Structures are given as structure tokens and as C-alpha cells.
Amino acid sequence: MKIFLALLFMLVTTTSQAAMLNSKEAARNLTDQIMTKVATGDIEGGLLLMKPYVIIPESEFNVMLEQTKLQLPVIQGRFGKILGTEFISEKAVGKSMLQITQIQKFEKHVMSWKFIFYCPNGKWILNTFNFDDNIRSFFE
């Protein structure tokens with residue numbers, strides 16, 4: 001049985017609560033900081049780094065965080081020891097959207113982490129993020 005952990009937030013709340021980033025470089029720096037935590041096995045710490053920048057309500061974020069913590073032993077049991085992370089790609093769509101993709105490397109598998117930023121007025125917000133073990137999408 002393949003473990004499929006997808007935490008995808010199609011966010012419809014207002015963006016007034018989310019902190020904004022000044023540039024694409026700042027967005028990339030944020031994802032690098034998140035993945036540095038993830039590389040050491042501190043997924044909770046990584047998720048907490050992104051918390052000020054996401055546009056979901058705090059209550060939803062906290063539920064997602066608790067669900068993730070429950071899944072961690074299953075993921076590590078199946079995929080093995082965490083070996084680190086790797087930057088995969090950065091793709092802009094027009095002037096207003098940016099997707100940054102990184103992977104979390106394990107002994108037996110990888111997890112894809114995708115961060116989508118939106119720039120409504122010259123500043124970037126983390127609109128959507130997800131992580132899962134669907135590596136086939138990299139080859140489509």
C-alpha cells in the first residue's frame with residue numbers, strides 16, 4: 001500500500017492576515033529555511049516557519065499541523081531515515097504567480113514539497129502549499 005500524504009490547501013480566505021514577502025528571492029529564501037528544518041526531521045518547525053505567510057485561518061493550520069505530526073512515524077517507518085532535501089525548480093507564471101518545488105529525501109523514497117506564491121500588489125504571499133509522495137508528477 002502506497003502512503004499518500006497530501007496536504008493541499010485551496011485557500012479562499014482573505015489575504016489580510018498573511019505576512020507578505022518583498023520579492024521572489026525572499027519567497028525562495030523562506031522555502032529554503034523551511035526545507036532546512038525539514039531536512040533535520042523537524043517538519044513541525046518547518047511548518048511553523050511558514051505559518052505567518054499562509055492565508056489559512058490559524059485553526060485550520062493547527063489541525064493540519066497535528067495531522068502531519070500523527071503521520072510522521074508512518075512516513076519514516078515506510079520511507080526510512082531522512083537524508084536531506086534538494087531544490088528542484090522555480091517556475092513563474094506571468095508576473096503574479098510563482099511555484100517553488102523542493103524534495104525531502106529519504107533512504108527509500110522522496111516527498112515532493114510545492115509552495116505557490118501569489119503577488120497581488122508587488123508583495124508575495126504563500127497562497128498554497130502541499131507535500132506528498134507522488135513523484136510521478138515530476139516526469140509528466
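These are my notebook entries on a nonpolar core, a set of strands and one alanine in a predicted model.

Ground rules. I number residues from 1 along each chain as its sequence is written, and side-chain values use heavy atoms, without hydrogens or water. Because the model is predicted, local features need pLDDT of at least 70 and side-chain atom pairs count only at pLDDT 80 or more, while totals for chains, interfaces and linings use all residues.

Core. I looked up the largest nonpolar core (buried Ala, Val, Leu, Ile, Met, Phe, Trp, Tyr and Cys joined through side-chain atoms within 4.5 Å) and found 30 residues. Leu47, Met50, Phe61, Trp113, Phe115 and Phe117 touch the most other members. Elements giving two or more residues include H1 (24-39), H3 (58-79) and S3 (110-118); helices (H or I, at least four residues) and strands (E, at least two) are DSSP runs, numbered from the N terminus. H3 gives the most, six residues.

Strands. I count two strands as paired if DSSP finds at least two bridges between them. S1 (residues 82-93) runs antiparallel to S2 over 10 bridges, with threonine 85 opposite glutamine 104 as bridge partners. S2 and S3 are also antiparallel, with nine bridges, and isoleucine 100 has phenylalanine 115 as its partner. Seven of the 10 residues of S2 are buried (under 20% relative accessible area, 1.4 Å probe, protein chains only), so S2 is largely enclosed by the rest of the structure.

Alanine 18. This residue lies before H1 and is buried at 9% relative accessible area. Beyond four places in sequence, alanine 18 contacts (heavy atoms within 4.5 Å) Pro52, Tyr53, Val54, Ile55 and Ile125. Alanine 18 and valine 54 are 5.6 Å apart, C-alpha to C-alpha, at a separation of 36 residues.

Notes
Buried means under 20% relative accessible area, exposed over 50%, partly exposed in between (1.4 Å probe, protein chains only).
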